[in-house]
Amino acid sequence: MPHEEADLAPVDSVAPAASGRTQIADHPLALAPVSAPASSVDGFVREFLKNLNFTQGVPLSASSPNDRYLALAHTVRDYLMARWLEDQRGQREAQSKGVAYLSAEYLLGRQLDNNLLASRLTDVATEALAKCGIDIDDLRQQEVEPGLGNGGLGRLAACFIDSLATMSVPSIGYGIRYEYGIFRQTFVDGQQVEQPDAWLSLGSPWEFPHPEAAQTISFAGHTETYDDDGVERSRWIPAWNVQAVPYNYMVPGYHNGRVNTLRLWRSVATNAFDLRIFNSGDYEEAVRAQIFAENISKVLYPEDSTPQGKELRLQQQYFFVAASIRDFLTNVLAEDFDLEKLPERIIFQLNDTHPVIAVPEFMRVLVDEKKMDWDAAWAITQQCFAYTCHTLLPEALEVWSVDLLGRLLPRHLEIIYRINDEFLLAVRERFGDDEMRIRNMSIVSDFPERSVRMAYLATVAGAKVNGVAELHSQLLRDKVLPDFNEFYPGKFTNVTNGVTPRRFIRLANPQLADLITEALGAGWTVDLERLRGLESFAEDPEFRARFAEVKAANKRTLNTVLLARDGLSVPDGHMLDVMVKRLHEYKRQMLKVLHIVTSYEGIISGRVDVKDVTPRTFIFGAKAAPGYVMAKRIIHLINAVGSVVNADPRVEGRLNVVFPPNYNVTLAERVIPAADLSEQISLAGKEASGTGNMKFALNGALTIGTDDGANVEIRELVGDDNFFLFGMTEPEVEALWAEGYRPSEFYQKDEDLRRAIDLIASGAFSGGDRTTFEPVVSNLLYDDRFMVLADYASYIAEQGKVDAAYGDQDAWTRSAILNVARSGYFSSDRSMRDYIQRIWHTPPAY
Ligand code: 26W
């Protein structure tokens, strides 16, 4: 905590940030629309060289690849700038209801190609650079992707803001500009080692800092009540504060001339440098405030399931939501806006529980600063927030201890207590003195320690609560929050996730995109249900041949990329069996390992003729949270199995394990279009939705999966014949759990399973050292919380069907085409339409 200045001014009258709207605004030039540079090839050459020479300050002859990349980026953004400024002016004037998406994570991926695509500049830029003797692909490789997220939740936020812009929905994304994103993963002796992700080190051309719009964000201190003309009011006297500096990122719509904004906040010290202390010679002390303040947006927390309850994490959450709310109230709303009308003007969508502290912050601003009476403020708050839950794992639901909350945000804790008191009063009125129910529903729980259950606060405050797939939303209603579903009829809804077809088909799989456009015309990119038109083409042998050729070409491209990136290869003619997602036991990468070891054991034991084995390359991509020991052990095991199987001559190269490190959005864009088989094998009832499953189906991979998350909806749409279903359903999982699950029984009774596990236990993959993977083996035999052993037999049997099906390439291709044709529903544009209709009620998008 920076050295405590005497109590800071009470936070009940923070001056709104200077809007800077002066008479210049009415100058004729200010009113003239901003014009984009000439978009001819020569015009682009001129703009590029101007940026290289004048912005980068280097001549072409002495320019580095990074100089040329930055100049290209500046040139592309100049073309989008005119639209952006016009669009922002339009949205400001329209004053129509908009969406503010609050997310602690945005997994954006590289920006260059998406911005070129959106602005129809790809060909012009390619030709213009060629005129300068530059291969645009060399510059593409320069871009470092902003890894400001962990996995599904972060990538979903990125897909959603792309769709909001493409559908011209007035909206803004708010988040944190982490200086260090998700760690870079390297493997040392097959084990994960994390490196800091200094993604900003070579410059960040796609962001626009606006220090003049910085917000003061306060922390700690105490509260006091005071008499305000006979009205007793509370106010917060914070102990310290930092500045939140906004960095704007363009979010261009696809071919609609719209550009929305993503505003990410960076924390800096209010008083960066204390000259007095410096002059006293204590140089460290003089800058300690700066270091401390910058820590808040320093690094992304790499956990994606188990919150560590760290104070800095709560500081991060409050920091960005407080800055976002203040920014909206001061910079987006007209000064004289009638706050009673807020629900007609904005809906804050809470991306999981991470931004939920926004609720008491909103109440604090309305009640303490705007002096609104509590009930009126609460009525507005309950209409201005909605909550999306992205998990089913109880341990992933965030709780904050009242100790920490009371220390860091004393006024917010008071407000949470009052919200809870009034809520429990209403529960009592409805259900009487049912103490068990009261205790179960209380936002504040006393076990194991007195803490605030953020999912409960979100549910009580939110106008709507949604899950991210039909099964997930049903389990939320029936199992995770049943009392709340009963108390708030109609509050719970579902919006099944989606993915943007711009990045995950047009950009990632251009050959498939061209084939589809040739067959259906271009409209599908913004109306993905049109893919249904491909069903008839599945019956056309010529189309099937071309589709198969596209897949083969994508495999060759992947091989080239992996060879250059990691020295890894995917042999021709292999089925590409792909499992790429965060490493988590519920996702069951261990089941995939047992399949590989079973096939391998069959060959080396001679029980299987290697000639009968379908040549497969097993591609893994997975980061483990640094503190998640078992997940890191499983990564080690996958690499260990890979190095033994790949090197064993008895396998004759028919089994090949490939595990490129540092799986991220850029690698996903190469791997997914090349995949034949998509592994979606989580234990039923554990994966909220999955979005990788959708990307694979849309790129012509067949899915082997359980009836979990959105797999259920994928199978329903693509048809049972085009989906390899296995394993227990969620009710069967519950039943087995209830009757008492003894994994070792499955080990005893299944010989193949026993052989596979014994081979791992024998040290065969660890140089004979039986201890290396003993923890993994005993976890499976004596714990196996996610029932890997129970679903093993069904999985192996289904993999047998996969081998058989792959033997008939033409039928496989037909099935792959039907997967593409019937997966248009999984566009994030459709998800946005559902949010608008069921939750946001913003003006209908096109
Ligand atoms: C505080 C630690 C933490 C961090 C992130 C807990 C939980 C999360 C996320 C909710 C985890 C996540 O990414 N969930 C995934 O969200 C996707 C988008 O909805 C779903 O498709 C995945 O099924 C779900 O696991």
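Which domains each give at least three residues to the shell around the ligand? I began my notebook with this point, keeping in mind that the model is predicted. I found that domain 2 (105-110 + 147-309) and domain 3 (560-830) each supply at least three residues to that shell.

**Entry 1: the ligand**

I next looked up the residues around the ligand, of which there are 21, and I noted that H390, N497, E687, S689 and G690 come nearest. Sorting the shell by residue class, I wrote down seven nonpolar, eight polar and six charged residues. I also looked up which helix contributes the most to the shell, and this is helix 7 (residues 152-166), with three residues.

I then turned to the oxygen atoms of the ligand and the polar atoms of the protein beside them. A polar side-chain atom of H390 lies 2.6 Å from an oxygen atom of the ligand, and an N or O atom in the side chain of Y586 is 3.0 Å from a ligand oxygen. For A688 the polar atom belongs to the backbone, and it is 3.3 Å from an oxygen atom of the ligand. I noted as well that the ligand taken alone exposes 570 Å², of which the protein buries 95%.

**Entry 2: helix 23**

Why does the span of helix 23 (residues 589-604) agree with what its 16 residues should give? I worked it through at 1.5 Å a residue: the helix should span 22 Å, and its end C-alpha atoms are 23 Å apart, so the two values agree. Helix 23 is mostly covered, since I found 15 of its 16 residues buried. After this helix comes G606, whose phi is positive, near 80°.

**Entry 3: two residues of helix 10**

I looked up I325, which has its place in helix 10 (residues 311-332), and asked myself whether I325 is buried or exposed. I325 has a relative accessible area of 1%, and because buried means under 20%, I325 counts as buried. Its C-alpha atom is 9.5 Å from that of Y174, although I325 and Y174 are 151 residues apart in sequence.

V332 also lies in helix 10, but I recorded V332 as partly exposed, because its relative accessible area is 25%. The C-alpha atoms of V332 and R92 are separated by 6.8 Å, while their places lie 240 residues apart along the chain as a separation in sequence.

**Entry 4: T666 and N662**

T666 has its place in helix 25 (residues 665-671), and I noted this residue as buried, with a relative accessible area of 17%. The side chain of T666 makes a polar contact with the side chain of E145, at 2.5 Å.

N662 is in the loop between strand 22 (655-658) and helix 25, and N662 is buried too, at 15% relative accessible area. Its phi is near 60°, a positive value in a residue other than glycine.

**Entry 5: backbone exceptions**

I wrote a reminder that most residues other than glycine have a negative phi, and that most peptide bonds are trans. M787 is a residue other than glycine with a positive phi, near 50°, and I found M787 in the loop between helix 31 (774-782) and helix 32 (788-807). M787 counts as buried, because its relative accessibility is 0%.

My last look was at the peptide bond that joins F447 and P448, which is cis, with omega about -10°. P448 lies in the loop between strand 16 (444-445) and strand 17 (451-453).

Note on methods. Residues numbered from 1 in each chain as written. Predicted model: local features only at pLDDT ≥ 70, side-chain atom pairs only at ≥ 80, totals over all residues. Heavy atoms only, no water. Near = heavy atom within 4 Å. Polar contact = N/O pair within 3.5 Å; in protein donor to acceptor, adjacent residues only side chain to side chain. Areas by Shrake-Rupley, 256 points an atom, 1.4 Å probe, with all protein chains shown as cover. Helix = DSSP H or I, 4+ residues; strand = E, 2+ residues; numbered from the N terminus. Nonpolar A, V, L, I, M, F, W, Y, C, P; charged D, E, K, R; others polar. Domains from an automatic or database assignment. Expected span 1.5 Å × (residues − 1). Buried < 20%, exposed > 50% of the residue type's maximum accessible area, 1.4 Å probe, protein only.
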